[in-house]
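Here is a short report for a first look at this structure. Keep the sequence and the model side by side while reading.

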Amino acid sequence: MLAAVLANHARGEETYGSAVSTERGMYPATVIPILHRIEVLGWLTSRVESDDEWPGDRPRRRYYRPVPGYDARIRDALAEADRRRPLPTLAPLPAKRRTNPG
């Protein structure tokens, strides 16, 4: 999720929860609390859609972006998480043993 926020921020865009959920293939009810928690931890900041932006036919969006100056820190944290993530290892399946009848 941080990667999606960071990528959109690099393009000059803010990110909202349902956009991240669509992009990541996850439910908004999963994504939005995670984004909120990351904000509470101090990595993101957010704002609610203004009256001028809001079309009125849906709930207001909460837009997220990295805290100013945290872009490099977030990239470093994501790179570290990737380094720590173990790669899956596939072992060959054991050969079937034949049993002798009898």
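## Helix 1 across the sheet

Helix 1 (residues 2-10) lies across strand 1, strand 2 and strand 3. Its direction is about 85° to strand 3. The model is a predicted one.

Which residues of helix 1 are buried? They are Leu2, Ala4, Val5, Leu6 and Asn8. Their cover includes strand 1, strand 2 and strand 3. It also includes helix 2 (17-24), helix 3 and helix 4. Just after helix 1 comes glycine 12, with a positive phi of about 80°.

## The sheet

The sheet is open and has 3 strands. Their order is 1-3-2, and the pairing is antiparallel. Strand 1 and strand 2 stand at the edges, each with a single partner strand, so one side of each has no neighbour in the sheet.

Strand 1 (residues 15-16) pairs with strand 3 (residues 62-66) over 2 bridges. Here threonine 15 has tyrosine 64 as its bridge partner. On the other side, 5 bridges join strand 2 (residues 44-48) to strand 3. Arginine 47 has tyrosine 63 as its bridge partner in strand 3. Leucine 44 stands opposite proline 66, also in strand 3.

## The nonpolar core

In soluble globular proteins, nonpolar side chains tend to be buried together. How many residues does the largest nonpolar core have here? It has 12 residues. Among them are Met1, Leu2, Ala4, Val5 and Leu6. Others in the set are Val20, Val31, Leu35, Ile38, Leu44, Tyr64 and Ile74. Helix 1 and helix 3 each supply at least two residues of this core. The largest share, 4 residues, comes from helix 1.

Two residues of the core have already appeared in the sheet: Leu44 and Tyr64. Leucine 44 is the residue opposite proline 66, and tyrosine 64 is the bridge partner of threonine 15. Isoleucine 74 also belongs to the core. Leaving aside its neighbours within four places in sequence, isoleucine 74 is in contact with Leu2, Leu6, Trp43 and Pro66.

## A ring pair between strands

A pair of aromatic rings is described by the distance of the centres and the angle of the planes. A search of the whole structure finds 2 such pairs. One joins tyrosine 16 and tyrosine 63 edge-to-face, at 5.6 Å centre to centre and 80° between the planes. Tyrosine 16 lies in strand 1 and tyrosine 63 in strand 3, so the pair ties together parts that are 47 residues apart in sequence.

Is tyrosine 63 buried or exposed? Tyrosine 63 is buried, with a relative accessible area of 11%. Tyrosine 16 has a charged neighbour too: the charged end of arginine 61 sits over its ring, 3.9 Å from the centre.

## A ring pair between loops

Tryptophan 43 and tyrosine 70 also form an edge-to-face aromatic pair. Their centres are 5.9 Å apart, with 90° between the planes. Tryptophan 43 lies in the loop between helix 3 (28-40) and strand 2. Tyrosine 70 lies in the loop between strand 3 and helix 4 (71-84). The pair therefore ties together parts that are 27 residues apart in sequence.

Tryptophan 43 is partly exposed, with a relative accessible area of 23%. Tyrosine 70 is partly exposed as well, at 23%. Tryptophan 43 has further partners. Arginine 73 lies over its face, at 5.9 Å from the ring centre. Isoleucine 74 of the core is in contact with Trp43.

Definitions and conventions:
Residues numbered from 1 in each chain as written. Predicted model: local features only at pLDDT ≥ 70, side-chain atom pairs only at ≥ 80, totals over all residues. Heavy atoms only, no water. Pairing = 2+ DSSP bridges. Phe/Tyr/Trp six-rings, centres within 6.5 Å; stacked < 30°, edge-to-face > 60°. Buried < 20%, exposed > 50% of the residue type's maximum accessible area, 1.4 Å probe, protein only. Lys NZ or Arg CZ within 6 Å of the ring centre and 35° of its normal. Contact = heavy atoms within 4.5 Å. Axes fitted to C-alpha atoms, helices over the stretch in contact; angles between N-to-C directions. Core = buried A, V, L, I, M, F, W, Y, C linked by side-chain atoms within 4.5 Å.
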